[in-house]
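This briefing is meant for a reader meeting the structure for the first time. Please keep the sequence and the model in view while going through the points that follow.

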Amino acid sequence: MNLAVDSLIGLGLVALAWQAISGRSLFRGIVMFVVFGLTMALAWARMGAPDLALAEAAIGAGVTGALMLVALRRLVQLHPDQPAEPKRARSRLALPIALLAASLVAVIGLGAVSVDREPGRAGVAVMDNLAETGLSNPITGVLLVFRNLDTLLEVAVLLAAFLAALAVFRDQEQAPAPPRGDLPLVGALLAIIVPLTILVSVHLLLAGSHEPGGAFQAGAVLAAGGVLLILAGRLQPASGMPLATALPLVLGLLVFSVIGLAMMLTGAPLLALPGLWAVYLIEAAMMISIALTLVLLFAGASGLRRERP
Amino acid sequence: MSMGDTSLVEWIATSLLVLGALFYLAGTVGLLRFPDVHCRLHALTKADNLGLLLVCAGLGLLACDWQVAALLGTIWLLGLLAATVSAHLIARHACRDHSATSSRTGSA
């Protein structure tokens, strides 16, 4: 029974991936990509990696899907006369490249399977020293304590990606705001869903210390609330970047670096954290930065302004 | 709890799950086969919401835990909310866009 479910998920993933890239229509491809992300989250959950499942569902399927849809809308706006589905001739190199890539994947996969899997020393070391950190979720332990330079750089990469996108936003005029009608149902939905996204993201943030969750998942859920507000027209893209936007945008990077560098003054190694409170503080700051970055990417603007209904 | 009780609860839960899956199947068939946007939305929102309720009820029975049951109930309510509002928005858009509605609009 378990094997049947796993095979179904595995085959479904391959079929969905093919549907997403086979390119009959861009919109269809995006929808298939989102379904692929949700199925992938299911696969991670089946493999006992709920943290990855949460991240895949929230970021891989949710936020990335929304970003792709907004990109498609801009594409159509930029070239309204151009058919959305250009007929592309398939390159003669496509088949050889696909075969080479497939054989590469097969060789690496076979190699990975044939290796005798001793539990790596790093994992054992993490589990042995986890108690000292005060965290009981080893994922958060690795992300925030044992390998936190990687996490810091990930936040920096996200900021760099946003700055690069900002350069592109500058080049084109602001997309006109979507027409706002009298939609009582949407108001009611927002009144229920937006507070719930805040509740769930704070829960994910706090839960991250002892069960699946953490800043990235919490930030993505919070961003989903912001995306809803933009879609409903309650938040509008604005030009210019006030300090009230710029500060939360770099808050995660700032708090992480300041705490990590301050500890060096006391003689500790780089990015050694003084305690559990620092982990929570950094995660909260990272959640705010991640959420704001994703929302601004979706809005395609450097700032936001409120719009009274 | 005796063996007999457990298996009875499991039987009820399994029937609820199967029944829920059938409603999902019916909703999906309606989505694929019905002639226009409004009929399809009708099939989706009615059948899938009932299917979700039955699946949640079955899972809640299997879990035998009030906390899990309350969470599943919350999930059902949220699903209901999302389905209602999104169906409303899609139907509204379809009403404006005449090309989406065929002349064979059924009594949805």
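**A loop residue, a chain interface and a domain interface**

Cys64(B) is found in chain B, in the loop between helix H2 (37–63) and helix H3 (66–96). The model in which this residue sits is a predicted one. The points below begin with that loop residue, then turn to the contact of chain B with chain A, and end with the two domains into which chain A is divided.

**The loop residue of chain B**

- Although Cys64(B) is not a glycine, the residue has a positive phi of about 55°.
- Most residues other than glycine have a negative phi.
- Cys64(B) counts as exposed because its relative accessibility is 55%, and the cut-off for that class is over 50%.

**Where chain B meets chain A**

- On the side of chain B six residues take part in the contact, while chain A brings eight residues to it.
- Between them, chain B and chain A bury about 670 Å², and 88% of this area lies on carbon and sulfur atoms.
- Of the area that chain B buries against chain A, 56% is supplied by Leu81(B), Val85(B) and Arg92(B), which is more than any other three residues supply.
- Sorted by class, the residues on the side of chain B that touches chain A are four nonpolar, one polar and one charged.
- Zero salt bridges are found across the interface of chain B and chain A, and the count of residue pairs in polar contact, with both at pLDDT 80 or more, is likewise zero.

**The two domains of chain A**

- Chain A is divided into domain 1, which covers 1–80, and domain 2, which covers 135–309.
- The centres of these two domains of chain A, taken over C-alpha atoms, are separated by 22 Å.
- In chain A, 13 residues of domain 1 are in contact with 16 residues of domain 2.
- Together, domain 1 and domain 2 of chain A bury about 1,300 Å², of which 68% is on carbon and sulfur atoms.
- Within domain 1 of chain A, the residues that lose the most area to domain 2 are Asp51(A), Leu54(A) and Arg74(A), which together make up 41% of what that side buries.
- The side of domain 1 of chain A that touches domain 2 holds 10 nonpolar, one polar and two charged residues.
- Between domain 1 and domain 2 of chain A the count of salt bridges is zero, whereas two residue pairs are in polar contact, both at pLDDT 80 or more.

Key. Residues are numbered from 1 along each chain as its sequence is written. Chains are lettered from A and ligands numbered from 1 in the order in which they are written. This is a predicted model: local features need pLDDT of at least 70, side-chain atom pairs count only at pLDDT 80 or more; totals for chains, interfaces and linings use all residues. Side-chain values use heavy atoms; hydrogens and water are left out. Helices (H or I, at least four residues) and strands (E, at least two) are DSSP runs, numbered from the N terminus. Buried means under 20% relative accessible area, exposed over 50%, partly exposed in between (1.4 Å probe, protein chains only). Contact means heavy atoms within 4.5 Å. Buried area is the accessible area (1.4 Å probe) that two parts lose on being put together, summed over both. A salt bridge is a side-chain nitrogen of Lys or Arg within 4 Å of a carboxyl oxygen of Asp or Glu. A polar contact is a pair of N or O atoms within 3.5 Å; within protein, one must be able to donate a hydrogen and the other to accept it, and residues adjacent in sequence count only if both atoms are side-chain atoms. Ala, Val, Leu, Ile, Met, Phe, Trp, Tyr, Cys and Pro count as nonpolar, Asp, Glu, Lys and Arg as charged, and the others, Gly among them, as polar. Domain bounds come from an automatic or database domain assignment.
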